[in-house]
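Trainee: I should like to go through this model and ask, for each term applied to it, what justifies the word. May we begin with the empty space inside the protein?

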Amino acid sequence: MPTPNQPHILLITTDQLRKDVLGCYGGAAVRTPHIDAIAAREGGTRFDRAYTASPLCLPARCSMLTGLFPHNSRAYSNFRLCPLDPKLPNLYNQLQRAGYTTAHFGKCHYTPAPYDDARPEATIDRENVEDYTLNLGLNHLDLLNGKSNSVWFWNDYSRELDAAGYLAAYREQMWKKQENRRIFPFPAPDHWHPDAWISRKAVEYINTHNHNTPQFLWVSLCGPHFPFDAPESYYSRVDMQKLPPLIYKDGEFDQSKIQSAAFHGGDSRFPVVEGRIWAPDRACKNYSDDFWNQLRQAYLANVALIDDGVGSIIASARAVLGENLLIFFTTDHGEMLGNHRLWGKNGCAYEDVLNVPLLAQFPGQSKNIPQHSNALVRLTDLLPTCLTVAGAPIPQLTDGRDLRQSLTDGGHPYILAESEGLLTISDGRYKYTQCRRPPDLELCEAYDLLTDPHEFNNVINTPSLAPQISQLRSTLLSAFMNDLLN
């Protein structure tokens, strides 16, 4: 049964957001005052070393929901038939058991989409994703399962957009992939943009529903993930003079690296970043500087739109639910956004993708919460933190811990990220990545993040670093062996 002290919980996530575009992490080209305010308020904190469990949407999101690494949840790929098992303990069903009413607005992506079924001339039906998602432990769902997904397959958003007369125009732009290279202004009024719709649905729910039980609200915005489709009116919010220079090094992909094929073109048997698909001659090195500026302006314009939505959501939550409110803001993974002259995230173990923003606002504990933390934390920590705050038991198998504990002891000894055929481990200084494609294709990378923070030089074969790399491999093996023994 619920207790009077259980706080409401508001989890706001985005899709493919770089932390360094936010003002609170040093971004200057676009203002994000509402997001920044989460950590700036008393009781708020900014985690500087928070890491996703995967550079792909489905496994990253399932890890947040379950508190498990992909190899433990078995939801490890966007592309293979590996939906999340509804029987696993997750944020929805565990909080529901603790007396919470659970609601989700926006993107879920807990089951792979049948990408091969999508076609440009129509939006089509697919298996009942709504019923599957509700069965995970939800009382309420407004589904918009990603920008592209919403023009491929019917969901709550695409039905409403179609009724308003704008779905056909959005679908047409979405399928002009080679012509627009995934950059175009949203072809409908601003308030119909996916992120504006999600924010509106969340605010409507907060303002109109009876909240006589503690609430768990997950607002899952689907930008600034490609296509880069911000409304044109938001472009002026980006100060192009304050764009940081692209981070890359001439010749860095002349060595053996996982994304060498994405940069140069050619062999694509290893997972290659999505930007390569629409690059001239399928080589990201052929994108012009003008293209990178267009991409970044559209991306940051979407961030501005997201910030507006976050402001309206939090304002409504505080007005209706009061101050006994736990707030989290994060993302599933990052985006290369031109660094290393790549865009996308698939197959990327770069810090650009794995090191994500995480802001928290804890209720009633302001004196004990530092405003920023260098603790090494994981997004798998969201589940045990929320359950602990709610007074609910932690599942026996978890790959997370209460974030408040990490604020006092420095966090995890290592982070782990994985997706299909890709595995990364880091102790905060040294990083090791292994990428394998059967039957015998394999590439390994290693970096010293202290001396090479931008990961230009693959030091996998550097003799002086052999002990550190060996230790990471040993830790990785131990982590998997421990999971096999549990």
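Mentor: A cavity is a set of grid points where a 1.4 Å probe fits but cannot get out, and its lining residues have an atom within 4 Å of a point. Please keep in mind that this is a predicted model.

Trainee: Which residues line the second largest cavity?

Mentor: Its lining comprises Arg126, Glu127, Val129, Glu130, Leu143, Asn145, Asn149, Phe153, Trp154 and Asn155. Each of them is called a lining residue because it has an atom within 4 Å of a point of the cavity. The space in this second largest cavity is about 60 Å³, and its lining divides into four nonpolar, three polar and three charged residues.

Trainee: How many cavities of 30 Å³ or more are found in the whole structure?

Mentor: The search finds three. The largest holds about 80 Å³ of space. Ile258, Gln259, Gly347, Cys348, Ala349, Tyr350, Lys431, Thr433, Glu445, Tyr447 and Glu455 surround it as lining residues. Two elements, strand 11 and strand 12, each give two or more residues to this lining.

Trainee: What is the make-up of that lining by class?

Mentor: There are five nonpolar, three polar and three charged residues. Gly347 belongs to the lining, and Gly counts as polar, so Gly347 falls in that class.

Trainee: What makes the largest pocket a pocket and not a cavity?

Mentor: A pocket is an open set of points, whereas in a cavity the probe cannot get out. The largest pocket has a volume of about 770 Å³. It is lined by 34 residues, and Phe79, Tyr115, Trp152, Phe226 and Glu274 are those nearest its centre. Helix 6 (residues 147–152) contributes the most to the lining, with four residues. By class, the lining has 14 nonpolar, nine polar and eleven charged residues.

Trainee: Strand 11 and strand 12 appeared in the cavity lining. How do you know that these two strands pair?

Mentor: Two strands pair if there are at least two bridges between them. Strand 11 and strand 12 are joined by eight bridges in the antiparallel sense, so they satisfy that condition. Thr433 stands opposite Glu445 in strand 12, and both residues are also in the lining of the largest cavity. The two strands form a hairpin, with three residues between them.

Trainee: What other strands belong to that sheet, and in what order?

Mentor: It is an open sheet of four strands in the order 9-10-11-12, with antiparallel pairing. Strand 9 (415–419) and strand 12 (441–448) are at the edges, each with a single partner strand, so one side of each lacks a neighbour in the sheet. On average, neighbouring strands are turned by 10° against each other, direction ignored. Strand 10 (residues 422–426) and strand 11 (residues 430–437) pair in the antiparallel sense over five bridges, and there Leu423 stands opposite Gln434 in strand 11.

Trainee: Is strand 12 mostly covered or mostly exposed?

Mentor: Strand 12 is mostly covered, as seven of its eight residues are buried.

Trainee: Why is Met64 called buried?

Mentor: Its relative accessibility is 0%, and buried means under 20%, so Met64 meets the criterion. Met64 lies in helix 2 (residues 57–66). Beyond residues up to four places away in sequence, Met64 touches Thr13, Leu91, Trp218, Thr330, Thr331, Asp332, Leu379, Leu382 and Leu383. Met64 and Gly400 are 336 residues apart in sequence but 9.6 Å apart in space, C-alpha to C-alpha.

Trainee: Which strands make up the sheet with mixed pairing?

Mentor: That open sheet has eight strands in the order 4-3-5-1-6-7-2-8. Strand 4 (140–143) and strand 8 (372–378) stand at its edges; each has a single partner strand, so one side of each is without a neighbour in the sheet. Neighbouring strands are turned by 15° against each other on average, direction ignored. Strand 1 (residues 8–15) and strand 5 (residues 215–224) run parallel and are joined by six bridges; Asp15 has Pro224 in strand 5 as its bridge partner.

Trainee: Which helix packs on this sheet and touches strand 3, strand 4 and strand 5?

Mentor: Helix 10 (residues 194–208) does, and its direction makes about 165° with that of strand 5. Helix 14 (residues 382–390) also packs on the sheet, touching strand 1, strand 6 (325–331), strand 7 (355–361) and strand 8, at about 175° to the direction of strand 6.

Methods: Residues numbered from 1 in each chain as written. Predicted model: local features only at pLDDT ≥ 70, side-chain atom pairs only at ≥ 80, totals over all residues. Heavy atoms only, no water. Axes fitted to C-alpha atoms, helices over the stretch in contact; angles between N-to-C directions. 1 Å grid on protein atoms, 1.4 Å probe; cavity = no way out; pocket = protein on both sides within 12 Å on 5 of 7 lines; lining within 4 Å. Points joined across faces, edges and corners; volume = space filled by probe spheres on them. Buried < 20%, exposed > 50% of the residue type's maximum accessible area, 1.4 Å probe, protein only. Contact = heavy atoms within 4.5 Å.
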